[in-house]
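Grab your viewer and work through these exercises with the model loaded. Each one sets a task and then walks through a solution.

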Amino acid sequence: MTAQYGLLGRKLGHSRSPELHRALAGYDYDLFPVEPEDLEAFLKETPCRGLNVTIPYKKAVMEYCTELSEAARRLGSVNTMVRRHDGWYGDNTDYAGFCALIAPFAPAGRRALVLGSGGAGTMALQALRDLGADAQIVSRTGPVNYENMDRDAELIVNATPVGMWPETGRSPVELSEFPACRGVVDLIYNPLRTRLLQDAERRGIPNADGLWMLTVQAQRAAELFTCTSIPDEKAGQVYRNLRAGMENLVLIGMPGCGKSAVGAALAEAMGRPFLDADAIVTERFGEIPAIFAAQGEDAFREMETQVLSELGKRTGCVIATGGGCVTRPENWYHLRQNGRLIWLRRPLEDLPTAGRPLSQRRSPRALYAEREPLYRAWAEAAIENTGTVTDTVRKIWEAIG
């Protein structure tokens, strides 16, 4: 039987809406990917009592609504539809979600740029202006474009799909061109940290992804579907649980510090997939000592980065990395986009060197002197692996909350 509620769109493979709605309100919630030529028939024939609407149908569904909320009329788009006795009622809960997301950035009086002129961009522009910001939309061909946009903007909101999974690692603008920028918001939530947000993080600029907006708009939609009130405290807990479940836990540290053993045990304890970067390199390209001997370290690092670029796009995993991954800055971007990086430490005298090419060529002390500043800069937490694997797993569990 089809669920009474669901998400209408065209490509929905990465959506988190089903788990959000089930956690918020307890009902079954399905995904309904529909092609444009089938939209009218779907809306007339579906037995659903309520729908959320996403790209590319937020404007198209308006003609099938017998009544629109003030927000939907003002924004010119619908993201929530409720079936009533006389037809579909259309509303827009994205506005409430965006207002909740942008509130900590105190937009009143700030010069703001909204990147993207689609439905999300139009909504964000209206919300920012309602909140007192001096906001403009930037588009490729509009009067304000990427050539003449305000480089003195204090707040930047990305409402384009640039940087979204699976085409991660791209940014719509270079933050170095905005010396006055004091806040960056990206409506994308997959990955959790787009390249734009990672660049903001590196520059010490406050930033936020779109997962909280997704949660609040789902909360408001669920209230419309069920005619009940969902406490903000519950929405906050749902958000925290969802975010924690999406984030990878990435172990970095010296060769032989125990990343593989601890990572496997941590993944088992948390019921998560375990991904060992060195094991995947070996499976795909051959034994690592042989790669070093035949092709050199640079060739190995290229292979390692290729693997990490793929693993970093995954969500909800435990990832063990090679000890030297920190020597390539691009690997931070790959791993950080969905990950919390944890530095696993063990006394240098306890580090094994067998089967580890660099550890045999250079002393662990020399390697550590080179890499310690990188481990420290990359890691969110440092965990001593000096007891049993179980003890270390417990320490990590406590550190991540």
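**Exercise 1.** Find which residues of α9 are buried, and work out how they sit around the helix axis.

*Solution.* Start with accessibility: Lys259, Val262, Gly263, Leu266 and Ala267 of α9 are buried (under 20% relative accessible area with a 1.4 Å probe, protein chains only; over 50% is exposed, and in between is partly exposed). Next, take the directions from the helix axis to the C-beta atoms, which define the arc. These residues cover an arc of only 130 degrees, so they are on the same side of α9. Then look for partners: the buried residues pack against β12 (248-252), β13 (274-276), β14 (318-320), β15 (339-345) and α16 (389-400), with contact meaning heavy atoms within 4.5 Å. Helices here are DSSP runs (H or I, at least four residues), strands likewise (E, at least two), numbered from the N terminus.

A word on ground rules: this is a predicted model, where local features need pLDDT of at least 70, side-chain atom pairs count only at pLDDT 80 or more, and totals for chains, interfaces and linings use all residues. Residues are numbered from 1 along each chain as its sequence is written, and side-chain values use heavy atoms, leaving out hydrogens and water.

**Exercise 2.** Check the end-to-end span of helix α9 (residues 259-270).

*Solution.* The expected span is 1.5 Å times one less than the number of residues. With 12 residues, α9 should therefore span 16 Å, and its end C-alpha atoms are indeed 16 Å apart. Right after α9 comes Gly271, with a positive phi near 70 degrees.

**Exercise 3.** Track down two residues other than glycine with positive phi, and say how accessible each is.

*Solution.* Ala106 has phi of about 45 degrees and is in the loop between α4 (94-102) and β7 (111-115). Its relative accessibility is 46%, so Ala106 counts as partly exposed. Cys227 has phi near 55 degrees and belongs to the loop between α7 and α8. At 71% relative accessible area, Cys227 is exposed.

**Exercise 4.** Locate the cis peptide bonds that lead into Pro166 and Pro191.

*Solution.* First, Trp165 and Pro166 are joined in cis, with omega about 5 degrees; Pro166 is in the loop between β9 (155-158) and β10 (183-186). Second, Asn190 and Pro191 are joined in cis, with omega about 10 degrees; Pro191 is in the loop between β10 and α6 (195-202).

**Exercise 5.** Describe the surroundings of Ser17.

*Solution.* Ser17 is part of helix α1 (residues 17-25). Its relative accessible area is 6%, so Ser17 is buried. Leaving aside residues up to four places away in sequence, Ser17 touches Leu7, Tyr29 and Leu214.
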